[in-house]
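Work through the exercises below with the sequence and the 3D model at hand. Each task is followed by a solution in steps.

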Amino acid sequence: MSTVDRASNAARTISSDKVANEAVHWRRLTTAVVLAGVLALASIAAGPAAAHDPDGGGHCQGGIVNGLLNNTGAVINNCLHIGALNNTGLAAVVTNSALGAWIGNLLSNTGGATVNNFGRWTGDANNASTVVNSGIWNTVAAGFTNSGTLITTGTLNVAAGGLTNTGAVNAQGLIKGDIANMDRGIFTVTGPLAAGGGNFLNANGAILNVGASVFNDIGTLTNSAAGLINIAGGRLGAITTVNAGTINVSGLSTMNGSLTNSGIINLQNNVVGDRLTISGNFTGTAGSTIALDLNARAGIADQVVITGSASGSTTLNVAGLAPGSPFTIGPNLVVVQAGAALNAFNLVNLQIFGTLQVVLLPQANGAGVSFAPVTVASTAGLSGSVATTAAQTASFVSNEAAFDRMAGLRNSIRADSPQNAAVAATAYAQEFAKNDPISPYVRAEAATAAPGGFGNPKSAVWVKGYGDYEQRDEQASFSIAGASFSSNLGYRQGTGGVMGGFDAVWSGLASSTDGLVLGVLGGYIYSRVDLRDSPTSQIFSGPSVGVYGTYLTGNWFLDSLFKADLLSLDIDNPGISQSANPTNYNLATNIGYKFELPNHYYIEPTAGLEYVRTNFDHASALTATTAPLNNGDALRTRAGARIGAEWVAGSVRVEPSLLALVWEIADATNNALLVNDTSISLPSDVGRLRGELQGLVNVFDLQTGLSGFARVDSRFGDGLWSVGGKAGVRYQW
């Protein structure tokens with residue numbers, strides 16, 4: 001075949017290729033074909049030419065060169081080259097000029113070799129060194145494989161075979177076709193770049209640098225779990241982006257299209273004010289995280305704006321998050337313009353700062369929702385109400401020690417059968433038990449006992465210890481900007497203490513069947529409260545002092561108590577350390593009647609009131625380091641009945657009994673708090689009916705005047721459960 005035929009065939013082949021629409025490339029192609037024809041005619045006039053005979057300047061002398069070129073030097077193609085290329089060595093430089101057309105695969109480009117394409121190249125490529133493309137490069141089957149450096153500013157059409165990169169790509173212009181940026185591959189967008197609708201895979205270990213440039217017209221962009229994408233004020237556009245890795249964002253950046261995220265969208269760079277706009281719908285799947293910077297003092301934060309809708313669940317990891325004033329709202333972190341579920345975004349962890357915490361607040365924003373941090377009271381910050389309730393519980397528990405004393409004392413100064421109703425109420429059982437058929441000693445002692453009188457009281461001292469464990473389920477709630485929040489104020493309380501006293505008994509004051517007991521008491525209380533949902537503890541301790549009395553007439557009785565608990569309170573939390581000196585003032589009374597039953601059994605209905613006033617030495621407000629402590633009152637009503645038995649064995653009198661009660665807090669204060677115009681509903685026992693069981697055994701030694709008792713009890717119902725016990729001894733003169 002003649003040189004002319006080869007040129008004609010090559011021209012037809014080139015003209016049948018699909019080429020870009022840019023007019024400049026058509027002009028270059030036309031110029032190359034015309035030049036090839038001119039050279040061919042000149043070659044005919046001069047005689048036959050060699051198939052490959054470059055001159056010293058690297059120009060193609062025959063116009064068309066066929067065959068494989070193994071190059072280690074410098075080649076410049078200004079016309080048409082048909083054949084593959086192996087390019088090897090630092091001195092190997094092949095330049096396809098703007099007038100040139102190269103048809104053939106780049107089989108290898110190694111050892112520091114360089115290929116420059118300014119014209120049109122048709123063929124697959126395997127580059128391990130450097131390729132610079134500012135013209136048009138069309139792959140034909142296997143695509144373009146790059147493990148070296150590819151710099152493309154023109155058109156790289158890899159629709160056949162795609163572009164696979166494990167080296168470095170610096171790109172702008174057009175890369176048409178699928179791109180696989182594989183492990184260790186670095187793909188950098190150096191100017192406006194279009195993907196021609198192809199897909200982009202950023203595999204594990206690969207990096208896509210968009211920077212401040214624009215990379216658009218991507219079909220599906222997939223960022224694998226260990227892949228990295230960097231955007232710094234640029235624009236990344238895909239119909240769909242699926243991110244399982246990390247997307248670093250700074251400046252004012254944009255991602256066009258829908259985004260499904262199971263990885264990290266990271267705006268954290270110690271600079272606030274970065275913003276990512278997602279021009280499409282956003283879906284957060286398992287692992288979805290957005291990292292943001294916030295300057296709470298300046299009220300400035302990074303922000304993600306979603307022009308579509310948001311669904312799924314995404315965690316916000318906010319650096320620099322700090323509380324503002326209680327119940328104030330910070331800057332928007334996420335803005336969704338087309339609707340989102342209220343739980344579509346949440347903070348990575350409950351951000352607790354002592355008495356305050358920062359939570360995410362969803363707010364309606366036209367057709368969408370905005371998510372902003374809001375400072376609210378933490379569980380520790382609301383624990384002031386727990387402190388008031390717990391202080392009152394400690395008082396109720398210690399009051400029972402005094403009421404046990406009065407109950408035991410009543411039984412000891414009564415007759416032990418209905419037949420003795422006319423016998424005067426004197427100090428203890430041995431003084432009125434002359435009808436007791438069991439113990440001769442008791443009958444003899446009672447027969448010789450001197451009658452009691454106001455000037456001849458019987459005295460005794462007593463001491464007892466007690467312990468109590470209580471669990472409570474409590475909730476506080478509040479609303480801000482239309483959103484409702486709750487805080488778990490459930491806690492566990494352990495209370496213990498000792499109490500002792502001195503009392504005297506007078507009988508026969510107004511009738512032969514009445515009696516009066518008056519006494520003084522003192523003791524010490526220790527109570528520890530541990531909140532369930534917060535590392536917060538409250539420790540109460542201090543002395544108690546008081547007076548008590550019982551009046552009996554026949555089978556009626558009336559008990560009264562006044563007691564003051566002089567406590568200290570220490571609140572301990574990783575963010576706060578607060579102290580106070582609360583005082584409980586207790587006023588209590590019980591009334592009842594003892595019905596004697598056959599065989600030394602009895603039933604004793606009773607009802608009573610207990611009032612506790614808790615005063616702190618000074619009130620405190622909710623601040624970053626203090627929980628609010630406010631004075632409070634509680635009025636407890638209770639009613640029930642005791643059933644028991646009495647018998648004497650030798651010189652010992654035994655009185656087992658069981659008391660069943662129902663009780664409730666009829667009235668209380670300190671169940672609401674107002675902070676910065678936000679009302680907080682605090683736990684309250686008002687109207688919550690509960691029960692109590694007490695098992696008691698009194699033992700009296702009728703010879704020595706020494707006696708003792710033991711009791712177990714439990715309170716229960718509506719979020720409360722407790723178990724406790726008491727034991728003590730008494731001695732009468």
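**Exercise 1. Decide whether Asp713 is buried or exposed, then follow its salt bridge.**

Step 1. Asp713 has 6% relative accessibility, so Asp713 counts as buried. The cut-offs are these: buried means under 20% relative accessible area, exposed over 50%, and partly exposed in between (1.4 Å probe, protein chains only).

Note on the source: this is a predicted model, in which local features need pLDDT of at least 70 and side-chain atom pairs count only at pLDDT 80 or more, while totals for chains, interfaces and linings use all residues. Residues are numbered from 1 along each chain as its sequence is written, and side-chain values use heavy atoms, with hydrogens and water left out.

Step 2. Asp713 forms a salt bridge with Lys726, and their closest N and O atoms are 3.7 Å apart. A salt bridge is a side-chain nitrogen of Lys or Arg within 4 Å of a carboxyl oxygen of Asp or Glu.

Step 3. The pair links distant parts of the chain, 13 residues apart: Asp713 is in strand S59 (residues 706-716) and Lys726 in strand S60. Strands (E, at least two residues) and helices (H or I, at least four) are DSSP runs, numbered from the N terminus.

Step 4. Lys726 has a relative accessible area of 6% and is therefore buried.

Step 5. Salt bridges with shared partners join Asp713 and Lys726 into one network with Glu400, Asp404, Glu610, Arg636, Arg638, Glu692 and Arg711.

**Exercise 2. Describe the contacts of Arg638.**

Step 1. In the whole structure, 27 salt bridges are found. One of them joins Arg638 to Glu400, with the closest N and O atoms 2.8 Å apart.

Step 2. Arg638 belongs to strand S53 and Glu400 to helix H3 (residues 383-412), so look up their separation: this link between distant parts of the chain spans 238 residues.

Step 3. Arg638 and Glu400 are both buried.

Step 4. Arg638 also lies over the face of Phe403, 5.8 Å from the ring centre. A charge sits over a ring if NZ of Lys or CZ of Arg is within 6 Å of the ring centre and within 35 degrees of the ring normal. The charged end of Arg636 sits over the ring of Phe396, at 4.3 Å from its centre.

**Exercise 3. How are the rings of Phe282 and Phe345 arranged?**

Step 1. Two values describe a pair of aromatic rings: the distance of the centres and the angle of the planes.

Step 2. Rings of Phe, Tyr and Trp (its six-membered ring) pair if their centres lie within 6.5 Å; planes under 30 degrees apart count as stacked, over 60 as edge-to-face and the rest as tilted. This rule gives 14 aromatic pairs.

Step 3. The centres of Phe282 and Phe345 are 6.0 Å apart and the planes lie at 20°, so the pair is stacked.

Step 4. Phe282 in strand S30 (residues 282-284) and Phe345 in strand S37 (residues 345-347) are 63 residues apart, and their pair links distant parts of the chain. Both are buried.

**Exercise 4. Where does Glu646 lie, and which side chain does it contact?**

Step 1. Glu646 is in the loop between strand S53 (632-645) and strand S54 (647-649).

Step 2. Its relative accessibility is 2%, so Glu646 counts as buried.

Step 3. The side chain of Glu646 makes a polar contact with the side chain of Lys594, at 2.7 Å. A polar contact is a pair of N or O atoms within 3.5 Å; within protein, one must be able to donate a hydrogen and the other to accept it, and residues adjacent in sequence count only if both atoms are side-chain atoms.
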